[in-house]
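Work through the exercises below with the model open in a viewer. Try each task before reading its solution.

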Amino acid sequence: MIRPKLSLRRSAAIIGAAFLGLGTVVTFAAPASAHHPEINGTYCVVKGSNNYEFKWTVGNSENIKAEVTQVRPGPAGDIKVGAELNPRGGAPLTGTETRTAPSARQLEKTLTVEAKWIRPDRIVIEHRTVKAVDKGKCKT
């Protein structure tokens, strides 16, 4: 059986089309948005109970202020809808809350915060969900 040979011209056309397609993607791809709330959290179990004490901080990834537009599972201290996130490097929002669960396995350990940044050319809304770090038993 004789196989047809690809011409050099056809191979060059295929390679050229591939580079042209790649160049178009790179040229028109939208830049990634890095805006996000920066959340840190810890929790500990209150001795002799089914209560867990959470401590949260929420900062800002950007150099402009942002507004908190959503908090789940619920507000914690300064971390609430309508709160203002200071620009990156400024004081973070803080909050302490107590959650109750029959065991640590059944405990909701995350906090989701959504925020809105208003830029001159666009509005950016992003959220982050972070799981708190277990610190063991609370110090009394």
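The exercises go from the whole chain to its sheets and then to its aromatic rings.

**Ground rules**

This is a predicted model: local features need pLDDT of at least 70, side-chain atom pairs count only at pLDDT 80 or more, and totals for chains, interfaces and linings use all residues. Residues are numbered from 1 along each chain as its sequence is written, and side-chain values use heavy atoms, with hydrogens and water left out.

**Exercise 1. Judge the confidence of the model.**

Step 1. Take pLDDT, the predictor's confidence in each residue, from 0 to 100. The protein averages 86. A score of at least 70 is reached by 76% of the residues.

Step 2. Look for a weak stretch. Over residues 22-31, pLDDT stays under 50.

Step 3. Check the contacts there (heavy atoms within 4.5 Å). For residues 22-31 the model has 0 contacts beyond four places in sequence.

**Exercise 2. Describe the chain as a whole.**

Step 1. List the elements. Helices (H or I, at least four residues) and strands (E, at least two) are DSSP runs, numbered from the N terminus. The protein has 1 helix and 8 strands. Their order from the N terminus is α-β-β-β-β-β-β-β-β.

Step 2. Gauge burial. Buried means under 20% relative accessible area, exposed over 50%, partly exposed in between (1.4 Å probe, protein chains only). Of the 140 residues, 27% are buried.

Step 3. Get the surface. Accessible areas come from the Shrake-Rupley method with a 1.4 Å probe; for residues, only the protein chains shown count as cover. About 9800 Å² is exposed, and carbon and sulfur atoms supply 56% of it.

Step 4. Sort contacts by sequence separation. Take those between residues at least 6 apart; 58% of them join residues at least 24 apart.

**Exercise 3. Map the antiparallel sheet.**

Step 1. Set the pairing rule: two strands pair if DSSP finds at least two bridges between them.

Step 2. Write the order. This open sheet of 4 strands reads β4-β3-β6-β7, with antiparallel pairing. Its edge strands are β4 and β7 (123-131), each pairing on one side only.

Step 3. Count bridges along the order. Strand β3 (residues 66-72) and strand β4 (residues 84-85) share 2 bridges. β3 and strand β6 (residues 110-118) share 5 bridges. β6 and β7 share 9 bridges.

Step 4. Fix the register with residue pairs.

- β3 to β4: Ala66 has Leu85 as its bridge partner.
- β3 to β6: Gln70 stands opposite Glu114, and Arg72 stands opposite Thr112.
- β6 to β7: Glu114 stands opposite His127, and Ile118 has Ile123 as its bridge partner.

Step 5. Trace the connections. A hairpin joins β6 to β7 through 4 residues. The loop between β3 and β4 contains Pro73. The peptide bond from Arg72 to Pro73 is cis, with omega near 15°.

**Exercise 4. Map the mixed sheet.**

Step 1. Write the order. This open sheet of 4 strands reads β5-β2-β1-β8, and its pairing is mixed. The edge strands are β5 (93-100) and β8 (133-137), each pairing on one side only.

Step 2. Find a parallel pair. Strand β1 (residues 37-45) and β8 run parallel, joined by 3 bridges. Among the partners, Val45 bridges to Lys137 in β8.

**Exercise 5. Which residues do ring pairs link into a cluster?**

Step 1. Apply the rule. Rings of Phe, Tyr and Trp (its six-membered ring) pair if their centres lie within 6.5 Å; planes under 30 degrees apart count as stacked, over 60 as edge-to-face and the rest as tilted. The count comes to 3 aromatic pairs.

Step 2. Take Tyr43 and Phe54. Their ring centres are 5.1 Å apart and their planes are at 25°, so the pair is stacked. Tyr43 lies in strand β1 and Phe54 in strand β2 (residues 51-60), so the pair ties together parts that are 11 residues apart in sequence. Both Tyr43 and Phe54 are buried.

Step 3. Take Phe54 and Trp56. Their ring centres are 5.7 Å apart and their planes are at 10°, so this pair is stacked. Phe54 has a relative accessible area of 0%, and Trp56 has 2%.

Step 4. Assemble the cluster. Ring pairs link Tyr43, Tyr52, Phe54 and Trp56.
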